Amino acid sequence: MAEDDGAASQRLNSGAGVIDGESEDKANISRFKAEGRELSKEEKQRLRKEKKQHKKSKKDDQGKTEEIKGKEKKSTMTSDRQQAQTNLPKAVPALNSFETPVTGDKAPSGKSKAEIRAERRARQEADRASKQVQKGESSVTAAVSGPSKTKAIPSEPQPVVKRLPEHIQVDDPAVLKKLAKKLERQQIPLRKDYGNKVSLFSHLHQYSRKAPLTQQMSIPSTVIHPSIVRLGLQYSQGIIAGSNSRCIALLHAFKQVIRDYSTPQNEEMSRDLVNKLKPYISFLNQCRPLSASMGNAIKFIKKEISNIPSNSREEEAKVQLHESIDKYIEVKIHLAAKAISKYAIEKISDGDVILVYGCSSLVNYILCDAYEKKRKFRVIVVDSRPRLEGRESLRRLVRKGIHCTYVLITAISYILPEVSKVFLGAHALLANGYVMSRVGTSQIALLAKAFNVPVLVCCETYKFCERVQTDSFVSNELDDPDDLIVTKRGETPLENWLEVSHLHLLNLVYDVTPPDFVDLVITDLGMIPCTSVPVVLRVKNVDQ
Amino acid sequence: GDDQAVELVAYFKTQMQENPDVASAVAAIRTLLEFLKRDKGETLLGLRENLTKAIVKLTSVDSSVAVSSGGELFLRFISLTSLEHPDLSQCKKVMIERGELFLKKISLSRNKVAKLCHTFIKDGAKILTHSSSRVVLRVLEKAAAAKKRFTVYVTESQPDCTGLNMADALRKLHVPVIVILDAAVGYVMEKVDLVIVGAEGVVESGGIINKIGTYQMAVCSKAHNKPFYVVAESFKFVRLFPLNQQDVPDKFKYKADTLKKSNNLAEEHPMIDYTPPSLITLLFTDLGVLTPSAVSDELIKLYL
């Protein structure tokens, strides 16, 4: 740590000394950005330093201090900042973390490190105290509204404070500004929202497929690995859709990234690779919001990478990472599907009429497996606009030889009296037992309950997440509203919907089903009632 | 092989006859322990296989859910220890000790349940129960011993009229008891304060499998907003997850003799039904007082 601080201060001094060349460097930096070249470390730090100076002078004028979280991160400046760039839920606000190293380094060299740190801490405490006072008087600015909202008890040290993720705070201009700054730093273009949004969902992003993110990037981009660019495009254009497929594609792309990665000098693979992945994840998030399965896979990869022993060679580490990724895919997805199918087949009896909705890879696998094991049943496939995913499901089942019926979701009350069971797939299972799945699922579950038809949800355990949600508004995804435009008999009524200011189109992707409507959840650990999801999460955490 | 099986069944039947007060599952476990002691297997795996076969044999004699669940839990309990001894007889000794321990624990379980439950019976209460359950009897004994005054309505419980045995037992305790028709449950429901039933098996969802007529009683009590309590020992927890009445396996629905003799099961009357967890208020077990959703938690702990 000591050498790093020393190195950092050296670089600062060198930067501070070249005052004349600063303006020249600024021009250089903006040119590099336009060309899409990755800024070198020095250039990045120079940018940072300027911003800090600018901000500090602004702050002194206003006399307002920003809240600094209790946990001080004593790490190198680069990793400090890059850690701060990522997942807002946990990190100290990026702007604030700048303060600590700078103020410390600028102190006269006569003071010892400990004294500097003590000064810093005292200053932070004073800032925090004054902040509390000011908060009581004035309305808090949006930039700190996130952390302050969750900080109910002023005097206690911060335990893990969960903040709202930024992708569901789109109507908050300060959060948007922060996001824009973060993307600028990572050199990822910001995707613009499209069209009028329904006011209930104005806190979510709404993108258009006609404006993919790559239009704003230079090709070939040196900042983002090409396989990640391809992946992002495949997500945003809907070529790869479905929770399992997205996760597997992501892991394969990361394998390619790891293959092409080479550790730079004076860096450790375990830390540098994790930092390299962060801009990629932001890019993918901009293309299409991450799914729960992808989130869990990313957590797994980051853990694997940071667990690489520092003395292992790069080649060995890469091979090991590849193996663990392959094992993850094999165990959590493919073997889990086999296990789930084994349990599910006990619930399929001869003569059953099974209703499925949309296209779930897992449910299709179960039905094909049951058909191979000579169970006699027929399937009713329910489909809905605009995605019409049921057609793919229908294609796969009919090819296998299963007797299928196809209806649209508007006809389910007509068809449900014939149905003996409903099999649904899930995008994620939340910690309070709610099932997050394709929009329309909760409608089917509700009707099935009314008709006393058992509803079975099939979900692998890697899709379980710690989130809690009771309605479909808080966190959702808005798809391209232009998908709703349909041409019938040569007429397209909604063609010019953008011009009509009081017309909003809503194309939701997910909805949330309460556990009262779900009779059984089949996971690779066995059959559990919907309310036992937190037990599984607890057992899983103990295992890991 | 076959001789062993015959011996086994004979031992089981004598156990049942000698101790009518004891649950059939307990008798089965005692039989299994005896079988373990007499087993002449050479390997651990062989021992386990023999025990599994024995459990299957016993379920063919008495097809209640409790026998199969008790047997499986017994097997798990005795093998859930380090069996790293090089000598088979050592291992067997350890397993037998564990078996004795298991047996002791479950013979105490009924008292534990009674202790938890009798406090829920208030003075002057009117209780409705279904058919004959020894656990419910123990609970009511304890409540009577605690000097509480209460009346009990018992259903006759056709087709074997076991409700009448329950009524006799209660009369011996000097508890005022009224026997009602199975069809009169809805009629009587407005008069009672609470419903207590036993269970033959507690399933993963938190629902129960019990004598036919329990489901009706649960639906009526839900409609009248009366609490529906279930008393069951923990060895009755079974890894089934029925979705509806059809989904309960046939081997539990009918008596063992019926299963063997009948040609068309659809014409037979089922002996048990399934009550879903949404209709049950609380379950009293020796693991504590549980809500139906907590049963899954306990099952995961027991079986995993």
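Colleague: What makes you say that helix α6 of chain B lies across several strands, and which strands are they?

Modeller: In this predicted model, helix α6 (residues 134–145) of chain B lies across β1, β2, β4 (194–197) and β7 (228–231) of chain B, where contact means heavy atoms within 4.5 Å. The helix runs at about 165° to β2(B).

Colleague: Which other helix packs on the sheet, and what does it touch?

Modeller: Helix α7 (residues 163–172) of chain B packs there, touching β1, β2 and β3 of chain B, and its direction makes about 170° with that of β3(B).

Colleague: How do you know that β1 and β2 of chain B are paired?

Modeller: Two strands count as paired if there are at least two bridges between them, and five bridges join strand β1 (residues 125–129) to strand β2 (residues 150–155) of chain B, so the condition is met. These two strands run parallel, and one of the bridges has B:Ile127 with its partner B:Val152 in β2(B).

Colleague: What is the order of the strands in the open sheet of chain B, and why do β3 and β10 stand at the edges?

Modeller: The open sheet has seven strands in the order β3-β2-β1-β4-β7-β9-β10, with mixed pairing. β3 (177–180) and β10 (288–290) of chain B each have a single partner strand, so one side of each is left without a neighbour in the sheet. Neighbouring strands of this sheet are turned by 25° against each other on average, with direction ignored.

Colleague: Why is α1 of chain B called oblique to α3 of chain B?

Modeller: Helix α1 (residues 2–18) and helix α3 (residues 44–61) of chain B pack at an angle of about 55°, with their axes 10 Å apart. Angles under 35 degrees count as roughly parallel, those over 145 as roughly antiparallel and those from 65 to 115 as roughly perpendicular, with the rest called oblique; the angle of about 55° belongs to the rest, and therefore α1(B) is oblique to α3(B). The crossing in which α1(B) passes α3(B) is right-handed.

Colleague: Which residues make the contact of α1(B) with α3(B), and how do they divide into nonpolar, polar and charged?

Modeller: From α1(B) come B:Ala5, B:Leu8, B:Val9, B:Phe12 and B:Lys13, and from α3(B) come B:Ala54, B:Lys57, B:Leu58 and B:Val61. They divide into seven nonpolar, no polar and two charged.

Colleague: Why are α9 and α10 of chain A described by a different word, and what is it?

Modeller: The axes of helix α9 (residues 226–236) and helix α10 (residues 243–260) of chain A come within 9 Å and cross at roughly 165°. Angles over 145 degrees count as roughly antiparallel, and therefore α9(A) and α10(A) are given that description. Here the crossing is left-handed.

Colleague: Which residues of α9(A) meet α10(A), and how do the residues of the contact divide?

Modeller: A:Ser227, A:Ile228, A:Leu231 and A:Tyr235 in α9(A) meet residues of α10(A) that include A:Arg246, A:Leu250 and A:Phe254. The residues of this contact divide into eight nonpolar, two polar and one charged.

Colleague: How do you know which strands stand at the edges of the open sheet of three strands in chain A?

Modeller: That sheet has the order β5-β6-β8 with antiparallel pairing, and β5 (428–429) and β8 (510–513) of chain A are the edge strands, as each pairs on one side only. Four bridges join strand β6 (residues 435–438) of chain A to β8(A), and among the partners are A:Arg438 and A:Tyr510. Helix α17 (residues 441–450) of chain A packs on the sheet, touching β6 and β8 of chain A, and its direction makes about 30° with that of β8(A).

Colleague: What makes A:Lys374 and the bond before A:Pro386 worth a look?

Modeller: Most residues other than glycine have a negative phi, and most peptide bonds are trans. Phi of A:Lys374, however, is near 70°, a positive value, and the residue is placed in the loop between α14 (361–372) and β2 of chain A. The peptide bond from A:Arg385 to A:Pro386 is cis, with omega near -5°, and A:Pro386 lies in the loop between β2 (377–383) and α15 (390–400) of chain A.

Colleague: Where in chain B does B:Pro159 lie, and what is the peptide bond from B:Gln158 to it?

Modeller: B:Pro159 lies in the loop between β2 and α7 of chain B, and the bond from B:Gln158 is cis, with omega near 5°.

Terms used: Residues are numbered from 1 along each chain as its sequence is written. Chains are lettered from A and ligands numbered from 1 in the order in which they are written. This is a predicted model: local features need pLDDT of at least 70, side-chain atom pairs count only at pLDDT 80 or more; totals for chains, interfaces and linings use all residues. Side-chain values use heavy atoms; hydrogens and water are left out. Axes are lines fitted to C-alpha atoms, for helices over the stretch in contact, and angles run from 0 to 180 degrees between N-to-C directions. A crossing is left-handed if the near helix is turned anticlockwise from the far one by less than a right angle, and right-handed if clockwise. Ala, Val, Leu, Ile, Met, Phe, Trp, Tyr, Cys and Pro count as nonpolar, Asp, Glu, Lys and Arg as charged, and the others, Gly among them, as polar.
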